[in-house]
Amino acid sequence: MFETNRLILRRYRPTDEEFFLGLFDEYPVLLGITLDYITPNQDAYKTRLEYMKRCLLFVVVEDKATKTAIGFTLLNQTSGTLNRDAEVGIALTQGRWGQGYGTEILNWLIGYSFEGLSLNRLSLTVWSSNTSAIRLYERIGFKHEGRIREGAWKEGRFVDKVLMGLLAREYRERQVKEARESDGPENTFLYEKNRLLKTVVFVKRKLRNVDYAVRIVPHLHCGRLMGSDDDPSVPRTYSGNRIVAHHFASWDTDAAH
Ligand SMILES: CC(C)(COP(=O)(O)OP(=O)(O)OC[C@H]1O[C@@H](n2cnc3c(N)ncnc32)[C@H](O)[C@@H]1OP(=O)(O)O)[C@@H](O)C(=O)NCCC(=O)NCCS
């Protein structure tokens with residue numbers, strides 16, 4: 001069982017069947033979720049319900065205050081487990097539309113999909129005539145991905161099938177952005193200050209490495225020159241090695257700090 005501010009999202013119980021048969025009998029609800037003829041048909045409703053029960057996730061949405069079912073949401077994995085992509089389904093009884101429940105449910109659903117179920121993508125198809133649902137998906141962060149022109153027959157005319165999707169990384173980017181915005185100016189200042197300090201330390205390290213390279217390379221060169229076969233009184237690598245050893249020692253000491 002899951003919980004949001006005003007809602008419980010729980011498993012289906014046999015006693016919910018009556019609610020679902022009623023929900024599928026609401027013309028405006030079926031208009032949004034079916035591509036088939038909209039005809040009162042109890043057997044078709046039951047077949048639909050059986051199908052929904054077999055989805056990756058299917059939860060009944062219950063109002064905490066009244067303890068009554070008001071709708072459902074689901075995830076249907078049609079694209080194969082490997083792809084970690086699932087199709088979103090959602091419907092509420094018409095009396096509950098326009099009160100922010102859809103937003104509340106989808107905010108929970110995307111969080112659970114990406115954090116709980118580790119999905120990488122959420123997909124959905126919505127008819128272009130369902131403008132309120134499209135606005136809702138856009139607000140939640142879904143992007144338009146394509147259009148099947150005149151792909152659905154709705155109320156005496158052809159409408160487009162609008163394909164939308166949301167990626168896990170887009171969801172995470174949005175989380176970070178919102179967290180940063182809600183942090184307020186004081187924390188934003190600290191964040192920027194930290195970022196600047198890190199950059200300064202990084203640049204200083206790079207400069208120090210360049211400095212060591214400049215100091216060591218001539219000594220290596222010098223050591224090779226002094227270790228000459230022509231003059232046996234000069235130990236072959238004595239001078240160069242000593243200097244280089246000194247520099248490496250100081251390098252190690254510095255790095256330890
Ligand atoms: C799609 C659906 C789930 C949306 O649910 P919802 O609860 O109405 O969605 P919300 O209330 O969060 O948002 C809908 C509108 O209500 C407004 N709203 C949100 N909270 C509100 C509140 N407290 N008071 C008044 N209006 C509010 C939103 O701003 C939004 O307005 P808009 O349409 O002008 O953009 C619902 O309409 C539905 O079940 N439709 C039938 C099935 C369907 O079409 N499913 C989608 C298939 S793709």
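Which residues come nearest to the ligand? Hold that thought and start with the fold. The model is predicted.

Look for the sheet. It is open, and its eight strands follow the order 1-2-3-4-5-6-8-7. The pairing is mixed. Strand 1 (2-3) and strand 7 (143-154) form the edges, each pairing on one side only. Strands of a sheet pair through backbone hydrogen bonds, either parallel or antiparallel.

Now move to strand 3 (residues 57-63) and strand 4 (residues 68-76). They run antiparallel and are joined by seven bridges. Val 59 stands opposite Thr 73 in strand 4. Val 61 faces Gly 71 in the same way, as its opposite residue in strand 4. The two strands make a hairpin with four residues between them. In this hairpin, Lys 67 takes a positive phi near 55 degrees.

Strand 4 also pairs with strand 5. Six bridges join these two, again antiparallel. One of the links to follow is Leu 75, whose bridge partner in strand 5 is Val 88.

Helix 5 (residues 131-140) packs on the sheet. It touches strand 6 (121-127) and strand 8 (157-167). The direction of helix 5 makes about 160 degrees with that of strand 6.

Helix 5 also leads back to the ligand. It gives the most to the shell there, with four residues. Helix 2 (27-33), strand 5 (85-92), helix 4 (101-116) and strand 6 each supply at least two. By class, the shell has 11 nonpolar, eight polar and one charged residues.

Back to the opening question. Of the 20 residues around the ligand, Gly 32, Gly 100, Gly 102, Thr 103 and Ser 132 come nearest.

Methods: Residues numbered from 1 in each chain as written. Predicted model: local features only at pLDDT ≥ 70, side-chain atom pairs only at ≥ 80, totals over all residues. Pairing = 2+ DSSP bridges. Contact = placed C-beta atoms within 7 Å. Axes fitted to C-alpha atoms, helices over the stretch in contact; angles between N-to-C directions. Near = placed C-beta within 6 Å. Nonpolar A, V, L, I, M, F, W, Y, C, P; charged D, E, K, R; others polar.
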